[in-house]
Amino acid sequence: MEAVNLLSSNRYTEKQIGYLFISVLVNSNSELIRLINNAIKNDLASRNPTFMGLALHCIANVGSREMAEAFAGEIPKILVAGDTMDSVKQSAALCLLRLYRTSPDLVPMGDWTSRVVHLLNDQHLGVVTAATSLITTLAQKNPEEFKTSVSLAVSRLSRIVTSASTDLQDYTYYFVPAPWLSVKLLRLLQCYPPPEDPAVRGRLTECLETILNKAQEPPKSKKVQHSNAKNAVLFEAISLIIHHDSEPNLLVRACNQLGQFLQHRETNLRYLALESMCTLASSEFSHEAVKTHIETVINALKTERDVSVRQRAVDLLYAMCDRSNAQQIVAEMLNYLETADYSIREEIVLKVAILAEKYAVDYTWYVDTILNLIRIAGDYVSEEVWYRVIQIVINRDDVQGYAAKTVFEALQAPACHENLVKVGGYILGEFGNLIAGDPRSSPLIQFNLLHSKFHLCSVPTRALLLSTYIKFVNLFPEIKTTIQDVLRSDSQLKNADVELQQRAVEYLRLSTIASTDILATVLEEMPPFPERESSILAKLKKKKGPGTVTDLEEIKKERSSDMNGSAEPASVNASAVSTPSPSADLLGLGAAPITNSAPPPSSSGSLLVDVFSDSASAVAPLAPGSDDNFARFVCKNNGVLFENQLLQIGLKSEFRQNLGRMFIFYGNKTSTQFLNFTPTVICSDDLQSSLNLQTKPVDPTVDGGAQVQQVVNIECVSDFMEAPILNIQFRYGGTFQNLSVKLPITLNKFFQPTEMSSQDFFQRWKQLSNPKQEVQNIFKAKHPMDAEITKAKIIGFGSALLEEVDPNPANFVGAGIIHTKTTQIGCLLRLEPNLQAQMYRLTLRTSKEAVSQRLCELLSEQF
């Protein structure tokens, strides 16, 4: 109470002690909080800058929800008032930032937001610095409200970067003008894409070039503070260049600058350089520039003393890997693995396994690499890795014999890791017959070699070996008696472990009473596994920690690349689905069945449930702009489907014949948890008969700034016109949120190309003679048409198509579809017959996607 009384004093020293006591020792549940709030209001209204500063500091220090409720509406008025002193503006901006971070729902957005943006032009750099911190946080949640800050931030940054150290004396730190403000402005610009205005964009590019140029200048001071301030601005500028990913020249220059830091004597600089180059490696513009530093990175991996820097070097090698350097990088990682710190061995093992599979052109190299991996770090090779080896060997006939020979030789080592025994047992059980013709690997030698490892293995491995033995009975009848003696022994038939005992009894009985034909049927070779994503990458992502909203931006930047140099799809996908065990869920059948209908409405008798229950809420209408986003996905598979102030939804999908898989990323853009997060895919009755959908469950809680992934497996049964609806319901800050978007699952996703020569095509085309096989529709245009302008557009369209002509007619896909479209458009626009023919000839030599897109653009412009 004494402290509260001190707040009403007009003496600075007494008021300061009162505020200090309250900030430190009074909690938000105190009975005196109302008296304290009244005293703070009086000080804020006093217009005394000293008293206002003390009050604002107290609000920020306490930062409780009660404080936010009381003052969140008052502080913005103080911030934007014309007569507020600069020191009070600084305190008001930082106080509002504190309240927004603790209670974002209580800080109202209003007219003051546009006025806050103009604080970036304030003459007092302290006010600009505080305002930039506030605007950056607000812009991350409400980008549209603050997009005008981009041009002002670029203008202010330009003035700082081009100024001499003497121009900003009060804000120059060791010859670096306003480094903290520069960093904050660069961070604010990372909330937005590159500026659309050419003048602003050019000015920003000039700023970034100046920062990169200054990094090459000799230091103006030998003090560490000078280099720290200078490098802080440089690294933030590089982060902005990477974020925009649109200026090839700047990206390459940034990469070269980081390359110089790789050999710097300062450990922190080496660490930051490696970390930034990992991101640069994902850009198509700078990937090749990053690869030029491969020798330096490998040297850092071998000689670096700091384990965290070595880990970043491993990450960079993984990021810069492609087909041209995969074998070199994998070999270096394997060499390093023998002496690597135990804390990062498992991560390196996963990365080696992913790279070996992703870039394996020669699968014998892949088998050698994985077996070497097991030999070097067997304890860190998870089950996902050796499961994946088995799947690939079974699916590729050309590598089965080599794999059997290699594992047979590897098993002859005196000490074999148990994972190697598992791989050897499985592969020899399936393909041991491929090497049995060599006397050095005869059936009996294979069996004795595996059985010599039997007693040293754990129960699951012994169970696998027993299955291998019964496979040998089918493959090699000549050693059937030897295997039966082993199965008949007391150590097997009376084993204390139920699983081993049951297998021994059943396998012995099967080998005794079954005929040769039945035995061959039961024990036939395993069929190929269906193509599916590898779970190794999911395990790596889980180990690296939860994803962030920025992962959605990587979907936009992901480089398309031809995996494994064949027509087969890549086995490892950048967003692989995590499964508990590949052997348990190889087909993805463990997914929860999808809900194909909306939640049933509650009965009229339970009104309270209707009012207070989330689950009873009706499905929301489609979100604004969702139709436009849906149209963009007709011709692409990856990107951002929906985004508002709270939520960002990204998609990554793949389709093959009548099957598809869609990865949906839900990103929480706020700092507050989403509770009861429930995404539901809804199909109409007609659509349910045409599409079979399965969804994986999603965690009902999404942390602030985090991202969760949902997998949808799709099977197209018959043709369809509609699209499923994705309905998302969750609670944010106590408020129930409900929105719906259309999922871009369209019929064209399941089309498959057909290759044929022009002769075959025209032969089939002439067979379409029935009346209903060619249809013409005539309808009125929305606007009057000028025939001359229309003809000019069509001719221009044909000229543009010439640039995309594929000289090989065999590569043309879907000629019938294109011909139908060109004929319809020709009739519709009343083109001359020779112009129609010209259009048709052009489309015959152009990709279906390009033609379809151009025709759609032309129609939309005309009608």
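**Entry 1: cavities**

I looked for enclosed empty space and found that the structure holds 2 cavities of 30 Å³ or more. The model I am working from is a predicted one. For the largest cavity I noted a volume of about 100 Å³.

Which residues line the largest cavity? I listed Pro194, Pro195, Arg201, Leu204, Thr205 and Leu208, and then Ile241, His244, Asp245, Ser246, Glu247 and Leu250. I then checked which elements give two or more residues to this lining, and they are α12 (198–216) and α13 (224–244). Helix α12 gives the most, with 4 residues. By class, I have the lining down as 6 nonpolar, 3 polar and 3 charged residues.

**Entry 2: α10 and α12**

I stayed with α12 and looked up how it packs with α10, which covers residues 149–161. The axes of α10 and α12 come within 9 Å and cross at roughly 35°. I recorded the crossing of these two helices as left-handed.

On the α10 side, the contact is made by Ser151, Val154, Ser155, Leu157, Ser158 and Val161. On the α12 side, I wrote down Val200, Arg203, Leu204, Cys207, Thr210, Ile211 and Lys214. The residues of this contact divide into 7 nonpolar, 4 polar and 2 charged. Leu204 turns up twice in my notes, in the lining of the largest cavity and in the contact of α12 with α10.

**Entry 3: α3 and α4**

Next I went to helix α3 (residues 33–45) and helix α4 (residues 49–62). Their axes come within 8 Å and cross at roughly 140°. Angles over 145 degrees count as roughly antiparallel, and this one falls in the oblique class, so I entered α3 as oblique to α4. The crossing in which α3 passes α4 is left-handed.

Which residues of α3 meet α4? They are Ile40, Asp43 and Leu44, and in α4 they meet Phe51, Met52, Ala55, Leu56, Cys58 and Ile59. I sorted the residues of this contact into 8 nonpolar, no polar and 1 charged.

**Entry 4: α24 and α25**

Last, I looked up helix α24 (residues 418–431) and helix α25 (residues 443–454). The axes of α24 and α25 come within 11 Å, and I noted a crossing angle of roughly 150°. With the cut-off for roughly antiparallel at over 145 degrees, α24 and α25 are therefore roughly antiparallel to each other. Their crossing is left-handed.

From α24, I have Val421, Gly424, Gly425 and Leu428 making the contact. From α25, the residues are Gln446, Leu450 and Lys453. How does the contact of α24 with α25 divide by class? I counted 3 nonpolar, 3 polar and 1 charged residues.

Technical notes:
Residues are numbered from 1 along each chain as its sequence is written. This is a predicted model: local features need pLDDT of at least 70, side-chain atom pairs count only at pLDDT 80 or more; totals for chains, interfaces and linings use all residues. Side-chain values use heavy atoms; hydrogens and water are left out. Axes are lines fitted to C-alpha atoms, for helices over the stretch in contact, and angles run from 0 to 180 degrees between N-to-C directions. Angles under 35 degrees count as roughly parallel, over 145 as roughly antiparallel, 65 to 115 as roughly perpendicular and the rest as oblique. A crossing is left-handed if the near helix is turned anticlockwise from the far one by less than a right angle, and right-handed if clockwise. Contact means heavy atoms within 4.5 Å. Ala, Val, Leu, Ile, Met, Phe, Trp, Tyr, Cys and Pro count as nonpolar, Asp, Glu, Lys and Arg as charged, and the others, Gly among them, as polar. On a 1 Å grid over the protein atoms alone, a cavity is a set of points where a 1.4 Å probe fits but cannot get out, and a pocket is an open set with protein on both sides within 12 Å along at least five of seven lines; lining residues have an atom within 4 Å of a point. Grid points are joined across faces, edges and corners, and a volume is the space filled by probe spheres set on the points.
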